[in-house]
Amino acid sequence: MSLFAHQVRADQLVFWRGRESAIFVFLFPVLLFLLLSTVYSGAYRGQPITDYLVPSLITYGVANTAFGGLAIILVVRRELGILKRIRATPLPAPMYLAATLCSILLVFALQAAAIMGLGLLLYDWHLPSQWPSLFAAFLLGAVCFAGMGFGAASLIRSSEGASAVVNVVTLPMAFLSGGFGPTRDFPDVLQAIADVLPLTYLVDVVQEIVYEGNPIWDQPAAVGVLLAWGVAGTLIAMRYFAWEPRER
Amino acid sequence: MAAAVDVSELRKSYGDHEAVRGITFRIEEGEVFCLLGPNGAGKTTTVEILEGYRSRDAGEVTVLGLDPGRRERTLRERMGVVLQHSETWPQVTVAETLRIYAGYYCDPRDVDEVIELVGLREKRDARVKTLSGGQKRRLDLGLALVGNPDIVFLDEPTTGFDPQARRNAWEMIRGLRALGKTILLTTHYLDEAQQLADRVAVLRDGLIVTEGTPAELVASSRTEIRYRENGEVRVVETDEPTQALHELTSRAVGQGRELEELEVRRRSLEDVYLELLREDET
């Protein structure tokens, strides 16, 4: 256990010390939340727009941090040879990966807390009555997207391409899924695309909780889709994950 | 005494290419053993099998009495590895990096002691990205030592170094030897093998072509007698230099001639090495 804690601490040190990762992975969704909260006003489904934006931007955080951030971290460490060197130390490989996961989930938790805190302070946001369900949905989403992050890291070939690939996936996905604002006025074709994106299901789960007061266990279909994506990513990782850099 | 490393009839192929074709060697405890050979001879493949990174196709291998293919944690506790290419987090300091790695071992060395040992005292609190190439390589060595290993694998530790940096690295490796560590070193620099190794195995195309102390490798070689006759350089290679020289000089004295530019030379390790590498081309 203490070895695990040691590794999580090391991962946290490395994460926050790296200015790029701290800005893009942690700060970007928070800044987008502030930006969108400033430009959007009025109400959505009879509630202040901030009730929409706080949880939605946190779902973008799920995609950006638990999926994108994790994938970039793993690819960069693989290509630098850090993962290979770790394999020669006594630290067990599964513990290393678990610590990496735990560390990125910690970053996501802080990010979600920052968005909620800013919502409370600046935009008069308040926790929905079903808040335990909301938190459970965020955690489930983060774990499933982290599974996809492990899968993506196994498929991305170079550290130069990692950020580009990740952003090309997460930004349009968040936009189409409703992570940046309501999509009910979008053309049918975009909504059809959104229907196959995993983030759509997380946004749907969150909206049911916020607007209908439907707890997460009343939404097994959407939860099932999320879990399936998470499992698929994990299976890809189990098949293709590499500890060593690609041949140069 | 038990061998630190025992390799017998080791084989490894990548697809159709046989990288290691049945090699056998033994490294005693506390010995500096060098695998010397050109690029592509199978050095890295061999070392990476011993480090537990690659599986072997055939043969027996033990490191400190254990099979590295089983990747046991007890073995990784006792071995230090310097890889050919591997970096650390650029934004973390030297001391922090060493502390992180020290935490992986049950009985690590003191971090400041390691920093001292690899000569990075002035860079203790500098971020890794500010280090020069040679300093990064010293940090690599520090990371290999921080777990207080019994055996250290160094895969081409000085490739790409300038002469001064190489000499510094050699000093450090001699220091390790003084600590009683067993060291397996790979290099394609002959002088490095000669300077550092107790024993050298020359690897060519996945086979060990010769093995021995640097002195033995030279001793097994022939002596070269050169002189000039009628304006032409003559070279006599012989295993019996005394006899050959006697015959040559007696004849010359009998004819009242001088052997111009007479030179008797033991062939250097470099000559031996180059000859060994050439043999495969014939």
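Begin by selecting helix α5 of chain B together with strands β5 and β6 of the same chain: in this predicted model, α5(B) lies across β5 and β6, running at about 165° to β5(B).

Keep those two strands on display and extend the selection to the rest of their sheet, an open one of six strands in chain B, whose order is β5-β6-β7-β3-β8-β9 and whose pairing is mixed. At its edges you will find β5 (79-82) and β9 (207-212) of chain B, each of which pairs on one side only, and if you follow the sheet across, the twist averages 15° from one strand to the next.

Within the sheet, select strand β3 (residues 32-36) and strand β8 (residues 199-204) of chain B, which run parallel and are joined by four bridges. Which residue of β8(B) is the bridge partner of B:C34? Display the side chains here and label B:V200, since that is the residue of β8(B) paired by a bridge with B:C34.

Add helix α1 (residues 43-50) of chain B next, which lies across β3, β6 (151-155), β7 (182-187) and β8 of chain B and runs at about 150° to β7(B).

Now return to α5(B), residues 133-145, and bring in α3(B), whose axis comes within 9 Å of the axis of α5(B) and crosses it at roughly 25°. Because of that angle, α3(B) counts as roughly parallel to α5(B), and the crossing by which α3(B) passes α5(B) is right-handed. To see what makes the contact, select B:V94, B:T97, B:L98 and B:Y101 on α3(B), and B:L139, B:G142 and B:L143 on α5(B); these contact residues divide into five nonpolar, two polar and no charged.

With α3(B) still selected, show chain A as well, where 20 residues of chain B are in contact with 17 residues of chain A. On the side of chain B that touches chain A, α2 (73-77) and α3 (94-102) of chain B each supply at least two residues, and the residues on that side comprise nine nonpolar, five polar and six charged.

Finally, colour chain B by pLDDT, for which the chain mean is 89, with 98% of the residues reaching 70 or more. Among the elements of chain B, α3(B) has the highest mean pLDDT (96), whereas helix α10 (residues 269-279) has the lowest (76). Where pLDDT is low, the predicted coordinates should not be read in detail. For the model as a whole, the scores are ipTM 0.90 and pTM 0.87.

Definitions and conventions
Residues numbered from 1 in each chain as written. Chains lettered and ligands numbered in written order. Predicted model: local features only at pLDDT ≥ 70, side-chain atom pairs only at ≥ 80, totals over all residues. Contact = placed C-beta atoms within 7 Å. Nonpolar A, V, L, I, M, F, W, Y, C, P; charged D, E, K, R; others polar. Axes fitted to C-alpha atoms, helices over the stretch in contact; angles between N-to-C directions. Parallel < 35°, antiparallel > 145°, perpendicular 65-115°, else oblique. Left-handed = near helix turned anticlockwise from the far one by under 90°. pLDDT = per-residue confidence, 0-100. Pairing = 2+ DSSP bridges.
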